[in-house]
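I wanted a first set of notes on how this chain is put together. I took strand pairing, crossovers, helix packing and cysteines in turn.

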Amino acid sequence: MDLIVEDAVVVTMAAGAGTAESLLVRDGWIAAVGAADQVRAAAAAGAAVVRLDGATVIPGLIDAHCHVADVGYLAAAADCSQPSAPDIPAIQARLREAAGRTPEGSWVTGAGYVEYKLREGRHPTRADLDQAVPGRPAVVYHTSLHAAVLNTAALAEAGFADGQPDPPGGAFGRDSGGGLDGVIYEGPMFALFERNLREDLIRMGAAERVRLVQMAARRLAALGLTAACDADMRRDTYAAFAEADADGLLGLRIYGMVVHDQLDWLQEAGLQGRRHSPRLATEAVKIWADGGMSSRTAAIYGTYPVPPYGSGIMYFSPAELTAMVRDFDSRGLQVCIHAQGDRAIEIVLDTYAEVLAGRDGNPRRHRIEHGGAMYPPLAARAAALGIVVVSQPGFMSTLGDGFAEAFGDHSDQLYAFASWQRAGVTVAGSSDAPVITPDPRLGLRDAVLRRTGAGRVLGPAERLPVRDALALYTTRAAFASHREREAGSLEVGKRADFVVLEENPLEAEPERITDIGVLATVLDGEPVYQSVSLFPN
Ligand SMILES: [Zn+2]
C-alpha cells in the first residue's frame, strides 16, 4: 500500500538538495520525494495520504555511539537525578520505594545523581544507603557511570573490604578513618555495572529482557532516533536484542559494536560480522584504549591540574593494541576504539597506520570513538588515514565546565568539530547515553552553540552551522555504520526512516532546538512513536 506524506517541509539531507514538499512510501521504502504533484503522480491509485500541516520531516536520526541496553536497564532504576531528587533524603526515599519492587536476589538500584548538584554537594555514602536499604545490596550509579555508591551489603557481596588497596584503573572513596565510604570509581565501577547488568538479564527471563530492549528503543524513538550503534554489545545483550527482533518488537535499528573479548563467542556462534536482519547487525568491534574525560583518566601528554592529578590510563600496550586491530581487521570487522586523550589518540593512529599500510584507504571505516583531545596535528593524521571519528557534541553543556578545569588552555581545542571537518575527517554524532541524555536535539544545539552549563563558549571557532550539525546525526552517522546506501537521507531507494518535527531545526533559534517537539518517528514506513495521531498504525 502506498502512503503519501504531504504538506510538509521535507529536509532531505541529500547532497545538493534543498527541501521537498512531499514523499511517497512504498513497502517501507521511499518511492518518491519532491513536489506535491510529482509525488501524487508517482503514487498508486487509492494511496493513503497523511497531511502534516507544514510540519518538518527529517531523516531518522542515528546515534552512532549509545549504550542502548544500559539505557533500558537504567530506565527501570530509581530516578536519583537532579533536580528530581534534590538531596540525599530524596534519594533515600526513592531507594526505599525501589526496594519494594526489586526481586529478591537483585540489587536495589538507583541511577542519575551528580554529587555537586545535590543540596549536600557530596556523594551519598554507604551509611546513607544503609539507612534506606539495610540488609540487602543497594547501589546508586553516578550519571557518568564512572562512579557509584554501594551500601554495606553491596560492598560485601562485591568483595570490597576496608583496608583493601585501590584496584588498578580505579579507586575507592574512604572516610576519615580510612574505611570504605561506599563510593567506587572507574575500573571496579565498570566491572560491577557489567556484572549486575549481566546477572539481572539472566535472572529476568526472555519476556522481561525483551521489555528492557523495548523500553530503550521506545525512549530513543520518542527522541527521533531510528538507529543506534550499541557501543558495548555482549553475548547477553545481543541475546536480548535478538529475542526482541525475532518477536518483531525491535523498534530501532541496532548496529552492534561487540566488545573485543566477546568475539570468540560471536565467531563460535556463527554470528560474526553478520547482518542478522534489517534491524540487527554485529559488524563492528569495540576496544577501549584509555579512560574518560570527565573522570580525568583519558591518557594525555602532561598531567591533569585536578584530582587525581595523573596522566590518564591506557588499557593496552601499543603492541597489544596493534595485534588486536590486525586480528579483527583480518576477520572483516570494523574496529571502533575509544580514545579520548591526545596520548591515546596518537597511539591509536599509529596502530591504524600500521594495520592500514599498503591498503587503499580505510575500507572497513575503522573508527575513533570520542576523540576529545584530537588536536590539529592528530586530526590531520586521522584525515590522511581516512579514520571516522564518532563524537559527542552534547558533552559541551553537560560536562564542558569540567573539561575546562581539567584542560585549561587546551579546552578550546577539545571536540573541535569544525577544525576536524576542515582537516577532512568524517565526523559522526552520538550521545554516549546513558553517560548523558540520548536526546539528539541536545547534541544538535551544542554542536551549534558549544555553550557549557555555566554559559562559557568552549572553542567559539569550532561551532558548526546547523546543517552540518544535523549531518552528524544523519548522513555522517549512516556512513560511520556502513548504512549510507539505505539511511541518513531521504532519497528514492532508501528506507522510509524519518521523523516529523513541529519545527524545522535548520531555521529555529539554536537556543530552542532542544524544545522542538517530536511528533512522530517512522521506521520502515511504520510509526514507532507518535505524540499525536498522524500515521495509521
Ligand atoms: Zn561509550
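**Entry 1: around β14.** I looked up the bridge partner of A148 and found I184, in β14. The model I am reading is a predicted one. A148 belongs to strand β12, residues 147-150, which is joined to β14 by three bridges. The two strands run antiparallel.

I then turned to strand β13, residues 170-174, which also pairs with β14 in the antiparallel sense, here over four bridges. Which residue of β14 does F172 stand opposite? I found I184 there, the residue I had already noted as the bridge partner of A148.

β13 and β14 form a hairpin with five residues between the strands. In this hairpin I noted G178, which takes a positive phi near 90 degrees.

Is β14 enclosed or open to the outside? I counted six of its seven residues, 180-186, as buried, so the strand is largely enclosed by the rest of the structure.

**Entry 2: the four-strand sheet.** Next I traced an open sheet with the strand order β5-β4-β1-β6 and mixed pairing. Which strands stand at its edges? They are β5 (29-34) and β6 (48-51). Each has a single partner strand, so one side of each is left without a neighbour in the sheet. From one strand to the next, I get an average twist of 20 degrees.

Within this sheet I checked one pair. Strand β1, residues 2-6, pairs with β6 in the parallel sense over four bridges. V5 stands opposite V50 in β6.

**Entry 3: the six-strand sheet.** I traced another open sheet, of six strands, in the order β3-β2-β7-β23-β24-β25. Its pairing is mixed. Here the edges are β3 (19-20) and β25 (526-530). Each of these has a single partner strand, so one side of each is without a neighbour in the sheet.

I followed β25 to its partner. Strand β24, residues 518-523, pairs with β25 in the antiparallel sense, and I counted four bridges. L523 in this pairing stands opposite E526 in β25.

**Entry 4: β19 to β21.** I moved on to strand β19 (residues 334-339) and strand β20 (residues 367-370). These pair in the parallel sense over four bridges, with I337 opposite I368 in β20. How does the chain get from one to the other, and with which hand? Helix α11, residues 342-356, completes the unit: β19, α11 and β20 make a right-handed β-α-β unit.

The chain then crosses from β20 through helix α12, residues 376-385, to β21, and I recorded this β-α-β crossover as right-handed. β20 and strand β21 (residues 388-391) pair in the parallel sense over three bridges. In this pairing E369 stands opposite V390 in β21.

**Entry 5: the two helices of these crossovers.** I compared the axes of α11 and α12. They come within 10 Å and cross at roughly 25 degrees. The angle is under the 35 degrees cut-off, so α11 counts as roughly parallel to α12. I noted the crossing as left-handed.

**Entry 6: G386.** Where does G386 lie? I found it in the loop between α12 and β21. Its relative accessibility is 35%, so I put it down as partly exposed. I also looked at its distance to N362, 24 residues apart from it along the chain. The C-alpha atoms of the two are separated by 5.6 Å.

**Entry 7: cysteines.** How many disulfides are there? My search of the whole structure found zero. I still checked two cysteines one by one.

C66 is in no disulfide, and the nearest cysteine sulfur to its own is that of C229, 9.4 Å away. C66 has 0% relative accessibility and therefore counts as buried.

C336 is in no disulfide either. For C336, too, the nearest cysteine sulfur is that of C229, at 7.2 Å. The cut-off for a disulfide is a pair of cysteine sulfur atoms within 2.5 Å. C336 likewise has 0% relative accessibility, so I entered it as buried.

Terms used. Residues are numbered from 1 along each chain as its sequence is written. This is a predicted model: local features need pLDDT of at least 70, side-chain atom pairs count only at pLDDT 80 or more; totals for chains, interfaces and linings use all residues. Side-chain values use heavy atoms; hydrogens and water are left out. Two strands pair if DSSP finds at least two bridges between them. A crossover is right-handed if, with the strands pointing away from the viewer, the path from the first strand over the helix to the second runs clockwise. Buried means under 20% relative accessible area, exposed over 50%, partly exposed in between (1.4 Å probe, protein chains only). Axes are lines fitted to C-alpha atoms, for helices over the stretch in contact, and angles run from 0 to 180 degrees between N-to-C directions. Angles under 35 degrees count as roughly parallel, over 145 as roughly antiparallel, 65 to 115 as roughly perpendicular and the rest as oblique. A crossing is left-handed if the near helix is turned anticlockwise from the far one by less than a right angle, and right-handed if clockwise.
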